[in-house]
Amino acid sequence: MSAADQGTQGAERTLGQLVATATAEMSALVHDEIALAKAELRQDVKRAGIGGAAISVAGVLALFSLPVLSFAAAYGIHNLGLGLAWSFLIVGVAFLLIAGVAALFAVSKFKKVKPPERSIASVKQTAAVVGTVKPHPRPFSDNAVGVARSSS
């Protein structure tokens, strides 16, 4: 066979070969879309994890500040003076300030979590391309061979 024969043979593929190629390409496209969505979601999950850890730290520090502030109030009432109670009060307020900073950090991380925009755009583009594809009509001929069906 010459190169010209192979070129024309490659251009005239059978319907089965075309369907197999189209199926393989659609499968690869779907797998690529899923991989893109996973990559984008992985980034957002990481940001959400950092934000969740920061909000947890804020909650723990706020929880730890309650006993400290309680002891400060108790010692303050008992002593009615400046001394150990003020120290407890200063530590309690410092914990609350740290908790507030951690909460602001967590909120900023949560605001950065976005939907997978590239995946959505890619899927919309693919759907638009696939939606414009129209099947080629087959020419109707009287010589077409019918399929015999058995009646059961």
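Start with contacts, meaning heavy atoms within 4.5 Å. Looking at contacts in the chain between residues at least 6 apart in sequence, 80% join residues at least 24 apart. Keep in mind that this is a predicted model, where local features need pLDDT of at least 70, side-chain atom pairs count only at pLDDT 80 or more, and totals for chains, interfaces and linings use all residues. Residues are numbered from 1 along each chain as its sequence is written, and side-chain values use heavy atoms, with hydrogens and water left out.

**Stop 1: the whole chain**

Switch on the cartoon view. The chain has 4 helices and 0 strands, so you can read it as α-α-α-α along the sequence; helices (H or I, at least four residues) and strands (E, at least two) are DSSP runs, numbered from the N terminus. Now try a surface view. The chain exposes about 12100 Å², an area that comes from the Shrake-Rupley method with a 1.4 Å probe; for residues, only the protein chains shown count as cover. Carbon and sulfur atoms supply 69% of that exposed area. Of the 152 residues, 13% count as buried. Here buried means under 20% relative accessible area, exposed means over 50%, and partly exposed is in between (1.4 Å probe, protein chains only).

**Stop 2: R118 and E40**

How many salt bridges does a search of the whole structure find? There are 2, a salt bridge being a side-chain nitrogen of Lys or Arg within 4 Å of a carboxyl oxygen of Asp or Glu. Select R118 and E40 for one of them: their side chains meet at 2.8 Å, N to O. R118 lies in helix α4 (residues 117-132) and E40 in helix α2 (residues 15-79), so this pair ties together parts that are 78 residues apart in sequence. Is each partner buried or exposed? R118 is exposed, with a relative accessible area of 52%, while E40 is buried at 6%.

**Stop 3: R47 and D44**

Stay on α2 and pick R47 and D44. They form a salt bridge too, with the closest N and O atoms 3.3 Å apart. Both sit in helix α2, 3 residues apart, about one turn of the helix. An α-helix has 3.6 residues a turn, so residues three or four places apart point the same way. R47 is partly exposed at 32% relative accessibility, and D44 is buried at 9%.

**Stop 4: K109**

Next, click on K109 in helix α3 (residues 84-111). Which residues does K109 touch, not counting those up to four places away in sequence? They are R47, I50 and G51. K109 is buried yet has no salt bridge. Lys and Arg count as positive and Asp and Glu as negative, while His and the chain ends are not counted. On that basis, the nearest side chain of opposite charge to K109 is D44, 11 Å away.

**Stop 5: around α4**

Finish by selecting α4. Its 16 residues reach 23 Å from the first C-alpha to the last, close to the 22 Å expected at 1.5 Å a residue (1.5 Å times one less than the number of residues). Colour its buried residues, S119, S122 and T126. They cover an arc of only 65 degrees around the axis, which puts them on the same side of α4; the arc is that of the directions from the helix axis to the C-beta atoms. Now turn the helix over: the face away from its buried side carries the exposed residues E117, K124, Q125, G131 and T132.
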